[in-house]
Every structure is written in C-alpha cells, then in structure tokens.
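Subject: Structure for your files, with notes

Hello,

Here is the structure I said I would pass on. Please look it over before reading the notes underneath.

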Amino acid sequence: MPPLLGLAGWDSEPWCDAYFPADLPDDWWFSYLANEVDCVLLRPEQWYLGLSAETTDRLSNALAEAPVDLSFLLAVAPEQPPPRSALERFAAFDVGLLVDQPFALADLWPQWRRTAPGRWTAEDRSEVRVWQVESIDLRAWRQDAAALPPTLRALILSGPAASPGRVTELRTMLQLLGLA
C-alpha cells in the first residue's frame with residue numbers, strides 16, 4: 001500500500017488564505033483539501049485540547065462535510081489523553097493516534113509511538129513521519145525519500161513552506177522514484 005501523503009493542520013496554516021477560495025464555506029475545507037491530500041495531521045489544540053465551543057462546533061461541522069476517504073492522524077498531548085467524546089467525532093474516518101506513550105483507548109484506532117522527532121512507530125513497525133519544510137529543495141526531498149522505510153504508513157509535510165501544492169509535488173516525486 002502506498003503511504004498516505006498529507007499536511008499538518010487545515011484551518012490556520014499560512015497557506016489557507018491563498019489555497020481556499022474566499023467564497024468556500026469553512027465547513028467544506030476538508031472536502032476541498034481532500035483533492036490534494038490523503039490525510040491531515042491535527043495537533044492536540046486543533047481537535048481536543050483547550051478548544052472553545054465555537055472552535056469545537058466549527059470542527060464538528062467540517063467533519064460532517066469531510067469525505068470519508070480522508071484519513072486523520074491525531075497527535076495526543078503527553079499526559080493529557082483526549083476524552084472519548086473528542087475521539088468519537090472521528091468515528092467515520094480512518095484514524096491513527098500519534099502518542100508519546102500508548103494509552104488505554106487503544107481499542108479505537110492504531111497508535112504510533114514517538115521514537116524520534118518527527119517519527120512515530122507502531123507495534124507492526126509501520127511508521128508515520130513528519131517532514132519540516134522550511135523551503136523547497138526537491139533534491140533534498142529526493143535524498144530524504146530514498147531513506148524512507150518500506151513500512152511507511154504516512155508522510156506529512158509541516159512548516160512554513162508546506163502547502164497542498166507541495167503534497168502534489170511530493171506525490172509526483174515519490175511516484176517517479178517508485179515509492180508511491
């Protein structure tokens with residue numbers, strides 16, 4: 001199975017204003033974004049930690065409109081596991097949890113444990129990686145891609161130069177290299 005390719009974040013990232021059409025309702029953003037990405041990584045403050053009622057409603061509305069083939073990687077804050085109600089919002093989706101330590105709600109979805117900065121590994125040895133993209137250097141990406149393990153489950157772009165268009169470029173490069 002080719003790795004899922006995606007982005008960290010969805011609604012407050014530097015690329016949002018330029019990427020989403022001005023007249024597109026924000027609860028359609030996941031559906032629109034799914035044209036470019038396979039998955040979205042949500043940090044704890046984007047899906048359960050300290051959310052206002054307005055932000056929670058906005059997320060719930062967006063998830064109601066999101067395509068079911070969009071996968072989510074949900075980062076879990078150390079020492080602050082999410083409440084079951086936050087997890088249940090994602091029940092219709094393929095979800096994985098990125099954790100520092102496995103926690104008791106493991107029956108819901110697979111968990112990948114942090115093994116290094118930007119790297120999580122599951123019991124089955126599959127990996128999730130986050131690439132910090134400060135600038136676009138396709139030669140460096142090619143070199144980094146050559147070192148990716150065959151057990152890679154997801155590759156997420158994050159950072160100031162990450163955008164949906166960069167995911168498309170990454171997908172093309174990985175296909176040309178026979179890695180996706």
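The notes below go through the sheet, one helix, the nonpolar cores and a few single residues.

Please keep in mind throughout that this is a predicted model.

The sheet

The strands form a closed barrel of 8, in the order S1-S2-S3-S4-S5-S6-S7-S8, and the pairing is mixed. On average, neighbouring strands of this sheet are turned by 25 degrees against each other, direction ignored.

S1 (residues 4–8) and S8 (residues 152–158) run parallel and are joined by 4 bridges. Leu 5 has Leu 155 as its bridge partner in S8. Helix H7 (residues 164–176) lies across S1, S7 (127–132) and S8, and its direction makes an angle of about 155 degrees with S1.

Strand S4 (residues 95–99) has strand S3 (residues 71–75) as a parallel partner, with 4 bridges between the two. In that pairing, Phe 72 is matched with Val 95 of S4. S4 also pairs with S5 (residues 111–116), again in the parallel sense, over 3 bridges. There, Leu 98 has Trp 112 of S5 as its bridge partner.

How many of the residues of S4 are buried? The count is 5 of the 5, so the strand is largely enclosed by the rest of the structure. Burial applies to both faces: Val 95, Leu 97 and Val 99 are buried on one side, and Gly 96 and Leu 98 on the other.

Helix H4

H4 covers residues 53–65, which makes 13 residues. From first C-alpha to last, H4 reaches 19 Å, close to the 18 Å expected at 1.5 Å a residue. Its buried residues include Thr 56, Leu 59, Ala 62 and Leu 63. Viewed down the axis of H4, the buried residues fall within an arc of 130 degrees, so they line one face of the helix. As background, an α-helix has 3.6 residues a turn, so residues three or four places apart point the same way. Among what covers the buried residues of H4 are helix H2 (29–33), helix H3 (44–47) and S3. On the other side of H4, Ala 53, Glu 54 and Ala 64 are exposed.

Asp 57 also sits in H4. Its relative accessibility is 47%, so Asp 57 counts as partly exposed, a class that ends at 50%. Asp 57 and Asp 27 are 30 residues apart along the chain, and their C-alpha atoms are separated by 9.8 Å.

The nonpolar cores

The largest nonpolar core has 49 residues, and those with the most contacts inside it are Phe 30, Trp 47, Phe 72 and Phe 90. The element that gives the most to this core is H7, with 4 residues. One of the four residues with the most contacts, Phe 72, is also the bridge partner of Val 95 mentioned above.

Which residues does Trp 47 touch, leaving aside those up to four places away in sequence? They are Leu 42, Leu 59, Leu 74, Ala 75, Val 76, Pro 82, Ala 86, Leu 87, Arg 89 and Phe 90. Of these, Leu 59 is among the buried residues of H4, and Phe 90 is another of the residues with the most contacts in the core.

A second core, separate from the largest, has 13 residues, including Cys 39, Leu 41, Ala 122 and Val 130.

Single residues

Two residues other than glycine have a positive phi and may be worth a look. Glu 79 has a phi near 70 degrees and is found in the loop between S3 and helix H5 (84–88). Its relative accessible area is 80%, so Glu 79 is exposed. Arg 125 has a phi near 75 degrees and lies in the loop between strand S6 (119–121) and S7. Arg 125 is exposed as well, because its relative accessible area is 64%.

Asp 17 is placed in helix H1 (residues 16–19). At 75% relative accessibility, Asp 17 counts as exposed. From Asp 17 to Gln 175 the separation is 158 residues in sequence and 29 Å in space, C-alpha to C-alpha.

Regards

How values were computed
Residues numbered from 1 in each chain as written. Predicted model: local features only at pLDDT ≥ 70, side-chain atom pairs only at ≥ 80, totals over all residues. Heavy atoms only, no water. Buried < 20%, exposed > 50% of the residue type's maximum accessible area, 1.4 Å probe, protein only. Pairing = 2+ DSSP bridges. Axes fitted to C-alpha atoms, helices over the stretch in contact; angles between N-to-C directions. Contact = heavy atoms within 4.5 Å. Expected span 1.5 Å × (residues − 1). Arc of directions from axis to C-beta. Core = buried A, V, L, I, M, F, W, Y, C linked by side-chain atoms within 4.5 Å.
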